[in-house]
Amino acid sequence: MNGSFRVGNLFGIPFYINSSWFLVLGLLTFTYGGNLATQFPQELGGIFPWILGLITALLLFSSVLAHELGHSFVALSQGIEVKSITLFIFGGLASLDRESKTPAEAFWVAIAGPLVSIVLFGLFTAINIYAATTGPVASIIQLLAYINLVLALFNLIPGLPLDGGNILKSIVWKITNNPYKGIIFASRVGQAFGWLAIISGLIPTFLFSSFPNFWNILIGLFLLQNAGRSAQYGEIQGALADLTAVDAIVPDNPIVSENLSLREFVNEYIIGKESRKEFLVTDEVGQLLGIINVDDLKIVNTSEWPLVKVKELMKPVTNMEAVNAQTTLLEVVSLLEQKQINELTVIGENGVLVGLIEKSSIRRLLEKKSQAKPA
Ligand SMILES: [Zn+2]
């Protein structure tokens, strides 16, 4: 997140605070301090209410943190790395390295946060009842109980990016057996809630000509933006999971036989064709031998092109990644990202070279798919 800085580690998880957090901390300290000062004018004098206000605000953030740790611990128990926990203007965010592997596991990661908040609500309520607290302390504990309840209920709204959205996603995933359908569905619901929040924020203006509720509008925009992004992510991932490596091989396959002469190579593959620099070279049975670069043709005099074979100019391939033709594009993309490469070869049965995949050929395929689909 932009404008976040690391404040340390929590149970080995990098812990960040976003600068927008200080704004909320200041506002909450001011609000709670002011409330306490008017509620308890006898007990609290001087700066005491503001100190208590600050402590309350920090306890509130600890509640948010406990909620995020709930998600994180369940994720860790599933072998998922928690990259960071960040506190920001709308609460907290635990950033996980990857998705859960099954819908049931995803469900438990999602519900763990709200469960922690519910437990804290119960705990603070019980303290107030059984410890018979009075005065400012009772007021603060009551507020903490209330805030944890709100935290649980708000997060259970069933639209992404909220926890309830992740729960809904896991349910749709379980029913359809397709995680991406779950993501897309829960994102659409999240977008609907985003619009609802914006509309509810504007209602005072339309009905009573008063100020709009900026907080609702801000939350609505936050939901819309994130739900839109996850819908797009779900659509792309879903499309990639449905396609295989063969679907994305570069058109006009840049594969040449080692026994072609340079003249034949130029006539058949270069003149009048889309310009490309590199071609894969195969032997008689179609196995990959090397790469020929068009620039290297300059080394040989044009008059000798009919006499020189492609294999004489080719460079052997050393460490080109290869995938099986039936590999899903989802796996191909994660391999490209993991190895930080731009292209790889596709191998069919018997090790025969089928073609080449480039990042750009995957992108073009996805664009074609999204255009072909009725809106
Ligand atoms: Zn949560």
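Hi everyone, let's start with a tryptophan: Trp50 is partly exposed, at 36% relative accessible area. Before I go on, please keep in mind that this is a predicted model.

So what does Trp50 pair with? Its partner is Phe30, and the two rings are stacked, 6.1 Å centre to centre with 20° between the planes. Phe30 sits in helix α1, residues 20-39, while Trp50 belongs to helix α2, and the two are 20 residues apart, so this pair links distant parts of the chain. Phe30 itself is exposed, at 60% relative accessibility.

Here is another pair for you. Phe88 and Phe222 are tilted, with 5.9 Å between centres and 50° between planes. Phe88 is in strand β3, residues 82-88, and Phe222 is in helix α7, residues 214-242, so their pairing ties together parts 134 residues apart in sequence. Phe88 is buried at 9%, whereas Phe222 is partly exposed at 22%. The structure holds ten aromatic pairs, and ring pairs also link Phe5, Trp21, Phe22 and Phe61 into a cluster.

Now back to helix α2, and on to the metal. Which residues coordinate the zinc ion? They are His67 and His71, each through NE2, and Asp163, which appears twice through OD, at 1.9 to 2.6 Å. Along the chain, the donors follow the spacing H-x3-H-x91-D. Both histidines lie in helix α2, residues 48-77, four residues apart, or about one turn of the helix. His67 is buried at 2% relative accessible area, and His71 counts as buried too, at 8%.

And why is the arrangement irregular? Because the four donor atoms subtend angles of 56 to 149° around the zinc ion. Thanks for listening!

Methods. Residues are numbered from 1 along each chain as its sequence is written. This is a predicted model: local features need pLDDT of at least 70, side-chain atom pairs count only at pLDDT 80 or more; totals for chains, interfaces and linings use all residues. Side-chain values use heavy atoms; hydrogens and water are left out. Donors are N, O and S atoms within 2.8 Å of the metal (3.2 Å for Na, K and Ca); water is not among the atoms, so sites may look incomplete. Four donors count as tetrahedral if all angles lie between 85 and 135 degrees; four count as square planar and six as octahedral if opposite donors are over 155 degrees apart and all others between 65 and 115; anything else is irregular. Buried means under 20% relative accessible area, exposed over 50%, partly exposed in between (1.4 Å probe, protein chains only). Rings of Phe, Tyr and Trp (its six-membered ring) pair if their centres lie within 6.5 Å; planes under 30 degrees apart count as stacked, over 60 as edge-to-face and the rest as tilted.
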